[in-house]
Amino acid sequence: MHILVCVKQVPDTKIIKVDPKTNTLDRRGVPAILNPYDTHAVEEAVRLRARYGGKVSVLSMGPPQAVVAIKKCVEIGADEGYLISDRAFAGADTLATSYALSRAIYRIMKVEPIDLIICGKMAIDGDTGQVGPGIARRLDIPPLTGIKKVVEINKEKRRIIVHRKLEDGYEVLESSIPCLLTVEKEINEVSYSPLPNMIRAARYKPVVWTVDDLEDVDRSQLGLKGSPTIVGKMFTPPKPQGGKRLEGTADQQVEQLVNALLKEKRELFVQGGR
Ligand SMILES: Cc1cc2nc3c(=O)[nH]c(=O)nc-3n(C[C@H](O)[C@H](O)[C@H](O)COP(=O)(O)OP(=O)(O)OC[C@H]3O[C@@H](n4cnc5c(N)ncnc54)[C@H](O)[C@@H]3O)c2cc1C
């Protein structure tokens, strides 16, 4: 089994702020981390390798510093890492990102066929959850999104059974492989990396490709040129106002609550009538 995990290096959004003057992300001094969903995706690939044998590769598109995210994956247990990095990829939206990644996947597949691709459910900075399904569409393989458990892979019959998270439970899906999974964080608990993995990661040098290393690339579909998305505005949502504390007995509190709701409804009704 050759499992490929797509991973993205992201700014730590717990720290990042929006500059109120320019309405752009203020990334100064913000550490870059491996997208948390992708950490679980790599962990799952490593666990599947332990069950079914084979190899785990990871692929990222990003600036040269994204090598650090790939090394983190090696720490978790990945065998190989590929980074595609080139000015031609800069400014890519999800359409251009999935195109570039799919071209790199074709290149990897020429050397070694891929049985399963795993992506995170979403990246914590872009938050769209579009890249995984975008790659699957371009490779013409089934996308199985929001996966919280891999039940079984039958290598001989080329089938996989997974649990897909729903709002009120889960559904059991069966698909052919190769296919692409996007995974929820609850799919596993990321284990501590053993020392040999950490030593290997520290010395590891991923394969780095530029656009010239990829074959049959339509450059008009890359980077800003290949990105139809326009970000119209960015802003910080207003902070929620503190609530009002209700006092008195339970009956008195219910009365206060009903009065407050009726008052709010009346105000909305009056505004709507104007
Ligand atoms: C006009 C425009 C310009 C932009 N310019 C830039 C830019 O210059 N630099 C920049 O970093 N972002 C840029 N972005 C943001 C970029 O489009 C998204 O971050 C990127 O396409 C991934 O989308 P997402 O973050 O929503 O990922 P999601 O679709 O939410 O990610 C889901 C999963 O897909 C995989 N994945 C996503 N991105 C990558 C990746 N790069 N490599 C490997 N796997 C990945 C991961 O497994 C991830 O968990 C730009 C966006 C727009 C609209």
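Okay, which residue in strand 10 does glutamate 152 stand opposite? Isoleucine 161. Hold on to that pair while we go through the sheet and then the ligand.

Some housekeeping. This is a predicted model, so to speak of local features we need pLDDT of at least 70, and side-chain atom pairs count only at pLDDT 80 or more, while totals for chains, interfaces and linings use all residues. Residues are numbered from 1 along each chain as its sequence is written, and side-chain values use heavy atoms, with hydrogens and water left out.

Right, the sheet. It's open, with nine strands in the order 11-10-9-12-8-1-6-7-13 and mixed pairing. Strands here are DSSP runs of E with at least two residues, helices are runs of H or I with at least four, and both are numbered from the N terminus. Two strands pair if DSSP finds at least two bridges between them. At the edges sit strand 11 (169–176) and strand 13 (207–209), each pairing on one side only. On average, neighbouring strands are turned by 30° against each other, direction ignored. For angles generally, axes are lines fitted to C-alpha atoms, for helices over the stretch in contact, and the values run from 0 to 180 degrees between N-to-C directions.

Let's walk in from strand 11. Strand 10 (residues 159–166) pairs with strand 11 in the antiparallel sense over eight bridges, and the two make a hairpin with two residues between them. Arginine 164 has glutamate 171 in strand 11 as its bridge partner.

Next, strand 9 and strand 10 are antiparallel too, over six bridges. That's where our opening pair belongs, glutamate 152 and isoleucine 161, and valine 150 stands opposite valine 162 there as well. This hairpin has four residues between its strands, and arginine 158 in the turn has a positive phi of about 60°.

Then the sense switches: strand 9 and strand 12 run parallel over three bridges, with leucine 144 opposite leucine 181. Strand 6 and strand 7 (residues 80–84) are parallel over five bridges, and serine 60 faces leucine 83 there.

Now the helices. Helix 1 (residues 36–52) packs on the sheet, touching strand 1 (2–6), strand 6, strand 8, strand 9 (143–154) and strand 12 (179–183), and its direction makes about 15° with that of strand 9. Contact means heavy atoms within 4.5 Å. Helix 3 packs on the sheet as well, against strand 1, strand 6, strand 7, strand 8 and strand 13, at about 145° to the direction of strand 6.

So, on to the ligand. How many residues surround the ligand? The count is 28, and the closest are Cys6, Lys8, Asp38, Ala92 and Thr128; to be near, a residue needs a heavy atom within 4 Å. By class that's 12 nonpolar, 11 polar and five charged, where Ala, Val, Leu, Ile, Met, Phe, Trp, Tyr, Cys and Pro are nonpolar, Asp, Glu, Lys and Arg are charged, and the others, Gly among them, are polar.

For polar contacts, take N or O pairs within 3.5 Å; within protein, one must be able to donate a hydrogen and the other to accept it, and residues adjacent in sequence count only if both atoms are side-chain atoms. Ligand oxygen to backbone, we have glycine 120 at 3.0 Å, threonine 94 at 3.4 Å and aspartate 127 at 3.5 Å. Taken alone the ligand exposes 940 Å², and the protein buries 80% of that; areas are Shrake-Rupley with a 1.4 Å probe, and for residues only the protein chains shown count as cover. Strand 6 (55–61), helix 3 (94–111) and strand 8 (116–120) each give two or more residues to the shell.
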